[in-house]
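Colleague: I am new to this structure and would like to begin with one part of it rather than with the whole. Please take a close look at a single residue, and then lead me outward from there to whatever surrounds it.

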Amino acid sequence: MRILILNIFLIFSVSFFSQTNENDKRKKQFNISADGLAIEGYDPLSYFLGNPKKGLINLSYTNSGITYYFASQTNLDLFKKSPTKYEPAYGGWCAYAMGATGEKVEIDPKTYKIVEGKLYLFYNAYFNNTLPKWNKDEMNLKAKADKNWLIFYK
């Protein structure tokens, strides 16, 4: 009986620590605030509805260490069913910068594009909007950004 309990404990411990390590890895790579909040509090589902909105603190959900706010209970419920579908590409960093230089650059949460069902965010400040630059060479930049993100996320 002791061996069975010990085995169950070991399996739980390994599972818990590997989950914790994955969460820590995500937190280090994703564009989040000090308290783990993504997209500056914007509701990730609202982008897919064509109207980015700030979420509400009382409608929050933490997915593998990353916290999101939602504008409605419906959006929160949809996210819970398929979080990877709605999380922003490249951990919420600027898609253009990830492709052009492989750098993690902050974003303007209102500058975005949905490509093949995925949310891409862009830098837009000081007369530098990277979305038009992305649009000019999207295929090439996306391929490079995908490769660069894999390097970061290893």
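## From one residue outward

Modeller: N75 is buried, with a relative accessible area of 8%, and it counts as buried because the cut-off for that word is a value under 20%. Please keep in mind from the start that this is a predicted model. N75 is found in helix α3, which covers residues 73-81. If we leave aside residues up to four places away in sequence, N75 touches D43, L45, S46, L49 and F70. To place this in its setting, the protein chain has seven helices and six strands, and read along the sequence they follow the pattern α-α-β-β-α-α-α-β-β-β-β-α-α. Of the 154 residues in the chain, 40% count as buried, and N75 is one of the buried residues.

One of the contacts of N75, namely F70, leads directly to the largest nonpolar core, where F70 is listed with I39, Y68, Y90, Y120, F122 and W134 as the members that touch the most others among its 32 residues. Two or more residues come to this core from each of α2 (44-48), β2 (66-70), α3, α5, β4, α6 (130-136) and α7, and β4 gives the most, with four residues. In soluble globular proteins, nonpolar side chains tend to be buried together. Within this group, Y68 is a useful residue to follow, for beyond four places in sequence Y68 touches F30, A38, I39, P44, L59, S60, Y61, F79, E87 and P88.

Two residues on that list, E87 and P88, open the next two parts of the picture. Side chains of opposite charge can pair when their charged atoms come close. E87 and R26 meet through their side chains in a salt bridge, with 2.6 Å from N to O. Because E87 lies in the loop between α4 (83-86) and α5 (95-100) while R26 lies in helix α1 (residues 2-29), the pair ties together parts that are 61 residues apart in sequence. Both partners are buried, E87 with a relative accessible area of 5% and R26 with one of 8%.

P88, for its part, brings us to the largest pocket, which holds about 230 Å³ of space. This pocket is lined by 14 residues, and those closest to its centre are P88, A89, Y90, K118 and W149. The elements that give two or more residues to the lining are β4 (118-122) and α7, with the largest share, three residues, coming from α7. By class, the lining is made up of seven nonpolar, two polar and five charged residues. Y90 belongs to both places we have visited, since it is named among the residues closest to the pocket centre and among the core members that touch the most others.

Helix α7 also takes part in two salt bridges, and the total for the model is three. In one of them, E138 pairs with K113, the closest N and O atoms being 2.8 Å apart. As E138 lies in helix α7 (residues 138-152) and K113 in strand β3 (residues 108-115), this pair ties together parts that are 25 residues apart in sequence. K113 counts as partly exposed at 25% relative accessibility. In the other, the side chains of K142 and D146 meet with 3.0 Å from N to O, and here both residues lie in helix α7, four residues apart, about one turn of the helix. D146 is partly exposed, its relative accessible area being 31%.

To end away from the buried residue where we began, consider T101, which is found in the loop between α5 and β3 and counts as exposed at 52% relative accessibility. The C-alpha atoms of T101 and N148 are separated by 8.7 Å, although the two residues are 47 residues apart along the chain. For the chain as a whole, among contacts between residues at least 6 apart in sequence, 56% join residues at least 24 apart.

Key:
Residues numbered from 1 in each chain as written. Predicted model: local features only at pLDDT ≥ 70, side-chain atom pairs only at ≥ 80, totals over all residues. Heavy atoms only, no water. Salt bridge = Lys/Arg side-chain N within 4 Å of Asp/Glu carboxyl O. Buried < 20%, exposed > 50% of the residue type's maximum accessible area, 1.4 Å probe, protein only. 1 Å grid on protein atoms, 1.4 Å probe; cavity = no way out; pocket = protein on both sides within 12 Å on 5 of 7 lines; lining within 4 Å. Points joined across faces, edges and corners; volume = space filled by probe spheres on them. Nonpolar A, V, L, I, M, F, W, Y, C, P; charged D, E, K, R; others polar. Contact = heavy atoms within 4.5 Å. Core = buried A, V, L, I, M, F, W, Y, C linked by side-chain atoms within 4.5 Å.
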